[in-house]
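Let's take a walk through this model together. Have the sequence and the 3D view ready, and we will go from one spot to the next.

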Amino acid sequence: MLVDREVNLRPLVIEDAKELAALINNKKILDNLRDVIPFPYSDQDAENFIHSHKDVSTAHVFAITYQDKFCGVIGLFRQPDVYRFTAEIGYWIGEPYWNKGIGTKAIQLITNHGFNEQNFIRIHTGIFEYNKPSMRVLEKCGYEKDGVFKKSVIKNGLMWDEHRYSKVKKD
């Protein structure tokens, strides 16, 4: 478990499935995530997701809790081949928990975990151009914008720019 007062990252458990499905069934969240996530999202989808992330050889996926309540998911995904010391970070937080500093704390916790426990050298992510809050939270956590991939993402039938952010481990 990764701990910072009210915000904790812990392994996902099957008991999270119902709340995970309830929170992620929100277009405001899904509009910022990849299309691999189905909508509507069932309790069975949540159970399958939890079971699929028991193996930590390529991904380190955690439940985000706030005041001991499940509120989202965050993970680091090891990149293959010559990028093996790089991880992609992915995260989402349920709408009732927005604007409480939870994302900032969760990103700080998992970034420290990635650098100090998993020996990653670089952590990166891509943010859709309209997701300004996610860009701000990454910047608060010391991530820097690497660049903009013009019209590289199709979401909801429209083409969008992807803003790429990364953080490199300090020696």
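Start at phenylalanine 85, which counts as partly exposed because its relative accessibility is 48%. The model you are looking at is a predicted one. To find phenylalanine 85, look in the loop between strand 4 (69-78) and strand 5 (86-93). Phe85 has company there: with Ile121 and Val168 it forms a nonpolar patch on the surface. Together these three residues offer about 280 Å² of accessible area.

From a nonpolar patch, let's turn to a charged one. Lys132, Arg136, Lys140 and Lys145 gather on the surface in a patch of positive charge. Which helix gives the largest share of the positive patch? It is helix 5 (residues 132-140), which contributes three residues. Arginine 136 is one of the residues found in helix 5.

Next come the charged residues that have found a partner. Side chains of opposite charge can pair when their charged atoms come close. Searching the whole structure turns up nine salt bridges, and three of them make good stops on our tour.

In one of these salt bridges, lysine 18 pairs with aspartate 43, and their closest N and O atoms are 2.7 Å apart. This pair ties together distant parts of the chain, with lysine 18 in helix 1 (residues 17-24) and aspartate 43 in helix 3, 25 residues apart. Are the two partners buried or exposed? Lysine 18 is exposed, because its relative accessible area is 58%. Aspartate 43 has 29% relative accessibility and so counts as partly exposed.

Another salt bridge joins aspartate 146 to arginine 122, with 2.8 Å between the closest N and O atoms. Here too the pair links distant parts of the chain: aspartate 146 lies in strand 7 (residues 144-155) and arginine 122 in strand 6 (residues 122-128), 24 residues apart. Aspartate 146 is partly exposed, with a relative accessible area of 46%, and arginine 122 also counts as partly exposed, at 27% relative accessibility.

The third stop among the salt bridges is glutamate 162 with arginine 164, whose closest N and O atoms are 3.0 Å apart. Glutamate 162 has a relative accessible area of 9%, so it is buried. Its partner arginine 164 is partly exposed, with a relative accessible area of 27%.

Both of these partners lead us to glycine 126, which touches Glu162, His163 and Arg164 when residues up to four places away in sequence are not counted. Glycine 126 sits in strand 6. Why does glycine 126 count as buried? Its relative accessible area is 19%, and buried means under 20%. Now look across from glycine 126 to isoleucine 89: the two are 37 residues apart in sequence, yet 8.8 Å apart in space, C-alpha to C-alpha.

Our last stop is proline 38, in the loop between helix 2 (27-30) and helix 3 (43-52). Proline 38 is partly exposed, since its relative accessible area is 31%. Which residues does proline 38 contact, leaving aside its neighbours within four places in sequence? They are Leu30 and Asp45. You can also trace from proline 38 to isoleucine 24, 14 residues apart along the chain, where the C-alpha atoms are separated by 9.8 Å.

Key:
Residues numbered from 1 in each chain as written. Predicted model: local features only at pLDDT ≥ 70, side-chain atom pairs only at ≥ 80, totals over all residues. Heavy atoms only, no water. Patch = residues over 30% accessible without salt bridge, like charges linked within 9 Å, V, L, I, M, F, W, Y side chains within 5 Å. Areas by Shrake-Rupley, 256 points an atom, 1.4 Å probe, with all protein chains shown as cover. Salt bridge = Lys/Arg side-chain N within 4 Å of Asp/Glu carboxyl O. Lys, Arg positive; Asp, Glu negative; His and termini not counted. Charge placed at Lys NZ, Arg CZ, Asp CG, Glu CD. Helix = DSSP H or I, 4+ residues; strand = E, 2+ residues; numbered from the N terminus. Buried < 20%, exposed > 50% of the residue type's maximum accessible area, 1.4 Å probe, protein only. Contact = heavy atoms within 4.5 Å.
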